[in-house]
Amino acid sequence: MEISRYVAFSTDPQGGNPAGVVLDASGADDAAMLATAAEVGYSETAFVREACDGSLNVRYFSPLAEVPFCGHATIATAVAHAERHGTGRLLLRTAAGLVTVTTDRATDGTLVATLVSVAPRTVPLDDAGLAQLLAILGWSAGDLDPALPPRVAFAGAWHPVIAAATRDRLADLHYDMPALTALMARRDWTTIDLVWRESPAVFHARNPFPPGGVTEDPATGAAAAAFGGYLRELELTPVPATLTIHQGADMGRPSTITVTVPAEADSGIGVTGTAVRI
């Protein structure tokens, strides 16, 4: 398999979130894809098989396991496809459902991709689960922003949304990785979406990702989509809305994710970003 490597949600190869992309994974079985993802070593690698109707079957593997959907690897895949076949609209068939992606060129020539997630939803985070999560993170109830209540949000994968009251609390991230890995496995959570609200339309995020074998993800498109759905469902932002999420700065890989939240309750959430080859 030919493996390409991209950084998503940044125009700087030293920023953003690296992803592997295999545009032709025909003939590769699960074991081969998992082994390839482990060899690449990024948080996610996308494996693509073209269907007879022109859509793309896409599967996502971390170095440790398959995940149903990955935003940054989707952006990287769309840009890689556009470099070879031109810009336009793609239909991706993922384990989470159908995802559309549109690519275009910015005025400076940079390729930009926008995915539209599956329909998002949220569920309550029970008191016991919240208490366990906060204990593992070393956070207290007083560290939380009461205006953004804890929930578990979905837009292709499940992410608890935990909002910090201050930027300093978000910046100080230390946790018990084995304990969080075990909790997330029991709860079927993909990443933990830790956020801080700078202004009504600007947020900062950090995403612990121990199920993928990494301490933290520097840009998490799936969590950004889930967060957009969370804000809409809980009526925490006027809609339609365009939001900016900054992620990765605390780990030296600054990333910028643009989230578009339509007003329609059941509509998917748009996630926009650039990607460049490493």
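**Note on the largest pocket and helix α2**

1. The largest pocket of this predicted model is lined by 18 residues, and those nearest its centre are Val-67, Pro-68, Asp-188, Trp-189 and Thr-190. Two elements give two or more residues to this lining, namely β5 (66-67) and α5 (177-187), and α5 gives the most, with three residues. Here a pocket is an open set of points on a 1 Å grid over the protein atoms alone, where a 1.4 Å probe fits, with protein on both sides within 12 Å along at least five of seven lines, and lining residues have an atom within 4 Å of a point. Helices (H or I, at least four residues) and strands (E, at least two) are DSSP runs, numbered from the N terminus.

2. Residues are numbered from 1 along each chain as its sequence is written. Local features need pLDDT of at least 70 and side-chain atom pairs count only at pLDDT 80 or more, while totals for chains, interfaces and linings use all residues, and side-chain values use heavy atoms, with hydrogens and water left out.

3. Ala-179 belongs to helix α5 and is partly exposed, since its relative accessible area is 26%, where buried means under 20%, exposed over 50% and partly exposed in between (1.4 Å probe, protein chains only). Between Ala-179 and Leu-134 there are 12 Å in space, C-alpha to C-alpha, although they are 45 residues apart in sequence.

4. Helix α2 is mostly covered, with 12 of its 15 residues buried, among them Gly-71, His-72 and Ile-75. After α2 comes Gly-86, which has a positive phi, near 95°.
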